[in-house]
Amino acid sequence: MKNSLKLFVAAAAALFCIFSAPGATLETGAEVPELDLRAWLSGKPVNLADLKGKKHAVLFFWTIGQRSLDVFPRIIATANKFGEKELQFIGIAPDSPEAVDKFIRNQPLPFPVAADNILKTLYTYMRPNDQVPLAAVIDKSGKLLWRGRPEYLDEVLPEILSGKYDLKGNIEREKFSQAVMSAMKIKDYPTVRKLVDAELEKHPDNLELLTLKINLTGTLMNDIDTAEKTAEAGLKQLPRNLKLYEQLIRALHQAGADTRLPVWFDRLVADFGDQPAVLIRFARQELSQPVGKLRVENAYKLTHAAYNAPKFADDRQKGLIAREYAGVLYYCGRPDKALEVAKISMQLLKNSPNPKEYETAKDLVVYYNTVLRMSKAIR
């Protein structure tokens, strides 16, 4: 799978399970048993034995609540996208038949739905670190191929249907994932680091592994040197990768290593000087820091580079960026420069499709002018 480690990284960060599955869980690659459900409440009941040699089965485990509601549109779109020719979607809710029946009247799903409040089927598929909503894919021969968050089905199913799915590789990744999450749960960070380092030796350009190691070493282990070295190595493999910058800067902030940020902002400007919107986004993050951690020099460096970018989408974009730059100049104690840039922003936004942007620009010109006048009058 192209980004096969996304699932475990997200799960390792969350480490939250709605249910804890007791006893043995079905191993990936194993033959699956027949579904053991309390009641079918929507659509025609499905026996997995009847699907053998004909269709893959996709089990969608969900429970009554907002977390599952948020996934419903995505799973409905996925089911409609792939259709029923080669796939049989089955919805399974670990709630009482009465509650599920009442719920799906207002939230119908385009495939059969069953209640599983005895939890036998859920516990068959749910690993210790899994959470609901959960999806599982069973191939035509009756083997469990994959399970994970439902939003990754759009990525997994094309590989399965095309015959390109790497079951052996998935089993290896799953073992790695479970080992990492188990160690994370007990805060055994040295073990996590060893596991991640071993995997990075095999996949040095894997973005999910790189960002995990940056977060692990920089935030959880307070090893800033290693976090920076990991970012360096990652940028050699993945030049101009914004996620590596984002993760490292976040880790440096959380570790209180703000004095190391200027060098990375210099590199960010060098790499993304042609993308002023990116620089402005980082500048806003800097300005949102608590007063004790606020470094206006970083915000100035970023907004100055954004304002002087070689190219803008249009006058509106440059006008909005000029407005941001003027604000930082004001914070830096230069209301005169802020007024100068604010006037340019007002001119650029004169024909903005959003009249409020122009009105705001005018208001700022008045404000900076007032502050400048008062600053000269105060003795």
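How exposed is Lys362: buried, partly exposed or exposed? In this predicted model, Lys362 comes out as partly exposed, with a relative accessible area of 31%. Keep that residue in mind for the first close-up.

**Close-up 1. Lys362 and Glu359 pair up within helix α17.** The side chains of these two residues meet in a salt bridge, at 3.7 Å from N to O. They sit three residues apart, which is about one turn of the helix. Glu359 is partly exposed too, at 38% relative accessible area.

**Close-up 2. Asp266 and Lys301 join two helices.** Here the salt bridge spans 2.9 Å from N to O. Asp266 belongs to helix α12 and Lys301 to helix α14, so this pair ties together parts that are 35 residues apart in sequence. Asp266 is partly exposed at 42% relative accessibility, and Lys301 is partly exposed at 23%.

**Close-up 3. Arg334 meets Asp336.** The closest N and O atoms of this salt bridge are 2.7 Å apart. Arg334 has a relative accessible area of 37%, so it counts as partly exposed. Asp336, at 31%, is partly exposed as well. The whole model has 23 salt bridges, and some of them link up: Arg127, Asp130, Arg147 and Glu174 form a network.

**Close-up 4. Leu268 and Phe282 sit in the largest nonpolar core.** This core has 41 residues, and these two touch the most other members. Several helices give two or more residues to it, among them α7 (167-185), α10 (224-237) and α14 (296-307). Setting aside its neighbours within four places in sequence, Leu268 is in contact with Leu242, Tyr245, Gly273, Leu279, Phe282 and Leu302. There is also a second, separate core of 28 residues, including Phe60, Val100, Tyr152 and Ile160.

**Close-up 5. Trp62 and Phe72 meet edge-to-face.** The model has 15 aromatic pairs, and this is one of them: the ring centres are 5.2 Å apart, with 85° between the planes. Trp62 lies in the loop between β2 (56-61) and α3 (66-82), while Phe72 is in helix α3, ten residues away. Why do we call Trp62 buried? Its relative accessible area is 0%, and buried means under 20%. Phe72, at 3%, is buried too. Both rings belong to one aromatic cluster with Phe60, Phe89, Phe103 and Phe111.

**Close-up 6. Tyr330 and Tyr368 make a tilted pair.** Their ring centres are 5.4 Å apart, and the planes are at 40° to each other. Tyr330 is in helix α15 (residues 315-331) and Tyr368 in helix α17 (residues 355-377), so the pair ties together parts 38 residues apart in sequence. Tyr330 is partly exposed at 24% relative accessibility, whereas Tyr368 is buried at 5%.

**Close-up 7. Two charged ends sit over rings.** The charged end of Arg240 sits over the ring of Phe272, 5.0 Å from the ring's centre. Lys318 has its charged end over the ring of Tyr307, 5.7 Å from the centre.

**Close-up 8. Glu86 sits in a loop between α3 and β3 (87-93).** With a relative accessible area of 32%, Glu86 is partly exposed. Which residues does Glu86 contact, leaving aside its neighbours within four places in sequence? They are Lys55, His56, Lys140 and Leu161. Now look across to Ser375: its C-alpha atom is separated from that of Glu86 by 74 Å, and the two residues are 289 apart along the chain.

How values were computed
Residues are numbered from 1 along each chain as its sequence is written. This is a predicted model: local features need pLDDT of at least 70, side-chain atom pairs count only at pLDDT 80 or more; totals for chains, interfaces and linings use all residues. Side-chain values use heavy atoms; hydrogens and water are left out. A nonpolar core is a set of buried Ala, Val, Leu, Ile, Met, Phe, Trp, Tyr and Cys residues joined through side-chain atoms within 4.5 Å. Buried means under 20% relative accessible area, exposed over 50%, partly exposed in between (1.4 Å probe, protein chains only). Helices (H or I, at least four residues) and strands (E, at least two) are DSSP runs, numbered from the N terminus. Contact means heavy atoms within 4.5 Å. Rings of Phe, Tyr and Trp (its six-membered ring) pair if their centres lie within 6.5 Å; planes under 30 degrees apart count as stacked, over 60 as edge-to-face and the rest as tilted. A charge sits over a ring if NZ of Lys or CZ of Arg is within 6 Å of the ring centre and within 35 degrees of the ring normal. A salt bridge is a side-chain nitrogen of Lys or Arg within 4 Å of a carboxyl oxygen of Asp or Glu.
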